[in-house]
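Thanks, everyone, for making the time. I would like to walk through one model this morning, going from the overall dimensions to two helix packings and one residue.

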Amino acid sequence: MKTKTGFKELSPAELRWTCTDELVPFVTTDDCPYCDEIIGQERALKAIQTGLDIKSLGYNIFITGMVGTGRTTTIKQLLERLKKGERTPDDILYVNNFKHSDEPILIGLPAGRGRLFAEAMGRLIAMLKVNVPGLLKSKYYAEQRDQIVEKQQKKQKETLQAFEEEASEQGFSMIQVQMGLFTRPDLIPVIEGAPTPFPKLDALVKEKKLPKAQVEELKTRYEKLTNKLEAVFESLKEMDEETRNLLKNWDAESITPIIKGGVSEVRAGFSNPKVDDYLGQVEENLVKNIDLFKGQKKDDKEVENPDAFLEYGVNLLVDNSDLKGAPVIMETNPTYMNLFGSIEFSYSRPFGTGQTDFMKIKAGSFLKANGGFLVINALDAVVEPGVWATLKRTLRNQVFEIQNYAAMFLFSTSRLKPEPVPCDVKVVMIGDAYVYNILYSADEDFKKVFKIKAEFDSEMTKTGNTAGEYSRFIKKICDDDRLLPFDRDGIAAVIEYGTRIAGRQKKISTRFHIIADVVRESSYWAGKDGRKYAGREAVEKAVLERFERVSLIENKIQEMIHEGTIMIDTDGRVVGQVNGLAVYDMGQFMFGKPSRITARTAMGRAGVINIEREADMSGNTHNKGVLILGGYLRGKYAQDKPFALSASVAFEQSYSGVDGDSASSTEVYAILSSLSQVPLRQDVAVTGSLNQKGEIQPIGGVNEKIEGFFDVCRAKGLTGSQGVIIPHRNVQDLMLRRDVVEAVAQGKFHVHPVATIDEGIEVLTGVEAGRRKEDRAFEEGTLNDLVDKELQRLVQGWRKFQAAAEKET
């Protein structure tokens, strides 16, 4: 066989990007300015600014991106700057509708005027509550009232006296007859100066002491007088009503000037058509309800009813008197009531029925943000009952109706329908791309009311200003949290960690919540060591501790590999067996570990059998990768013969499923080794995706995979020959730990970049891959030649088997 040596290896400098001292423009963070700008989100900032500047309908903003990329901080800073140049919105008030009490009237007044109007109405009622009762107790008022009463009483007395005289002339006298709890007036005949009831008269007739004709005459007179008596009493009732009207007119005549004067004083201070209409209703209603000022008597004392003047109050729903510019509301708990307000109820006993009025209308964040900006979390708005439907309906119609969501499920004797509020709110929703895509595809209204999408990136391209921007951000965290300052090495270490998170040497992370946590923890560890500055050691300690806090599962797997429970070889050679590299994503962190992949080949027509798929433990992407490698094998080796191969591929000791195509090249190496019977190195682990042309494609998690195999080799003992094979297009993504880089520099570990399957198989076998000659055969003694000859043998064996089978039948 033709051997192959001198494989390409990466130098230590290629394994990690290093932030040199020249890149960091400050000696310590004490020397750099405070960071108050948004870093690395130019695209998102431009989109947000467009949405904020366009005032047309539907230009609300949906911000997407990973948590920690500065979405909330960015929008908050932009809105705080923008609001100062915006007009301060009007105050929002509700007042009683005296004509339709279940439809409170909406009034909008310039910022600060709402509070003044409420105070003016309060002073008006307070003045009337003092002046009107004072007038009612005055001598002038009492004399005029007494004159009216005396005059009417005199008329009643004269009318009644005239009737009594007429009754007396006809031989009758008036008496009061007890009727249960009440008495009623009646007439009784008078005989010889003494009142005598009709039953006694009938007895006198029987005794012949009184003529019957006289009694009959009396009865006839009685009926006529009784009818007249009823007419008299109807007349007296009319006089009573006339008296009340006269007294009421006198009250109005005497008190109306006070009411009109007070209302006119309020009206003079507020030039607003709706205020004028409302004050007219107030004046009219107060004149009709003067008895409110007379109070209620209890134990001969007047007691004021605290709710008597409630309907003249002012519900200052939104008070913008202290606001300068447009409101910016960050609603962190967007429940229906928090967002859209409510109409509260009071419950009466014993039946517990709910009652409400216009003073119980409460504003939510949406109304408080009217004329300004409202920021909410998208997922919260979608999952909270009733919120999403109300929000999009309000944004679409630009009118908001306050409703009590809970009242739909409660028994109430009163309902309110407040006058709708014209709304002008710019809503900013913060969520991830998944929520945005669902809403965009499933809700037709969404794309009409959220026309601006701002995408926050989780990484940015490094420029000459990147180190300075990161330095200022570190300065910001140190100042805000009162942390130790960072020296130049510490700043550089944080920048390098940001590059590691980004996963590419030319990029750096914008997930600043992670960077901020590393800064805080670095300061903590530096302080524990008694240092005045947080340096590289503190940063690397913080990063290590962050990983170790959540690395229990990684440690358990490493322990099982070391004990041999999970079988991984790191030396020797084995036919049809190779160490593949896998990444375990635990949410908070990722780590890599090797996994044994084996292949067995035989005569047959089944092609490549994916054991994981047959066991229903393979994901869609892994299934695709296996189908692709089958296409690669057929395209390379079955152009001049049938493909009479059955090859089974398995991830050994895998019990939780496999997904991803990063092991497809590894599976090809195992199949080629099984076919050629050339053993594969067990001290080299492999990762890389494959296409049908045999090219190695880049994969994710390359740093974790390399470090995972390095940790296994170090635990079992570094031999100097161990290493990994990675796609050459992943070289730009390398940001390995310093201990791995040092091992490579000392020649104890190796990283081989490959571009094709042929390059990889040469590293694993030490045998030249071999090219096709003009006669379509591979070069003699190469690995591809051995594979091709084995496939030819399998084809010939299959043909013999088929011929024998046909002969038997």
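When I speak of helices and strands, I mean DSSP runs, with at least four residues of H or I for a helix and at least two of E for a strand, numbered from the N terminus. Please keep in mind that this is a predicted model. On that footing, the protein has 25 helices and 32 strands.

Let me begin with the overall dimensions. The C-alpha trace spans about 165 × 85 × 50 Å along its principal axes, and the radius of gyration is 48 Å, where a compact globule of 809 residues would have a value near 28 Å. Buried residues, for their part, make up 48% of the 809 residues. If we take the contacts between residues at least 6 apart in sequence, 77% of them join residues that are at least 24 apart.

Now to the first helix pair. Helix 6, residues 212-268, packs with helix 7, residues 273-288, at an angle of about 155°, and their axes are 9 Å apart. Angles over 145 degrees count as roughly antiparallel, and helix 6 and helix 7 are therefore roughly antiparallel to each other. Their crossing is right-handed. On the side of helix 6, the residues making the contact include Lys-248, Ala-252, Ile-259 and Arg-267, while those of helix 7 include Asp-276, Leu-279, Glu-283 and Lys-288. Sorted by class, this contact has seven nonpolar, two polar and six charged residues.

The second pair is helix 14, residues 466-481, with helix 16, residues 512-528, and here the packing angle is about 60°, with the axes 10 Å apart. That angle makes helix 14 oblique to helix 16. The crossing of helix 14 and helix 16 is right-handed. Helix 14 contributes Tyr-470, Phe-473, Ile-474, Ile-477, Cys-478 and Asp-481 to the contact, and helix 16 contributes Phe-512, Ile-515, Ala-516, Val-519 and Arg-520. By class, the contact of helix 14 with helix 16 has nine nonpolar, no polar and two charged residues.

Finally, I would like to turn to a single residue, Thr-29, which lies in the segment before helix 1 (42-53). Is Thr-29 buried or exposed? Thr-29 has a relative accessible area of 1%, and because buried means under 20%, Thr-29 counts as buried. Leaving aside neighbours within four places in sequence, Thr-29 is in contact with Ser-471, Ile-474, Lys-475, Pro-485, Phe-486 and Ile-491. Ile-474 has already come up, as one of the residues through which helix 14 makes its contact with helix 16.

Key: Residues numbered from 1 in each chain as written. Predicted model: local features only at pLDDT ≥ 70, side-chain atom pairs only at ≥ 80, totals over all residues. Heavy atoms only, no water. Axes fitted to C-alpha atoms, helices over the stretch in contact; angles between N-to-C directions. Parallel < 35°, antiparallel > 145°, perpendicular 65-115°, else oblique. Left-handed = near helix turned anticlockwise from the far one by under 90°. Contact = heavy atoms within 4.5 Å. Nonpolar A, V, L, I, M, F, W, Y, C, P; charged D, E, K, R; others polar. Rg over C-alpha atoms; globule rule 2.2 N^0.38 Å. Buried < 20%, exposed > 50% of the residue type's maximum accessible area, 1.4 Å probe, protein only.
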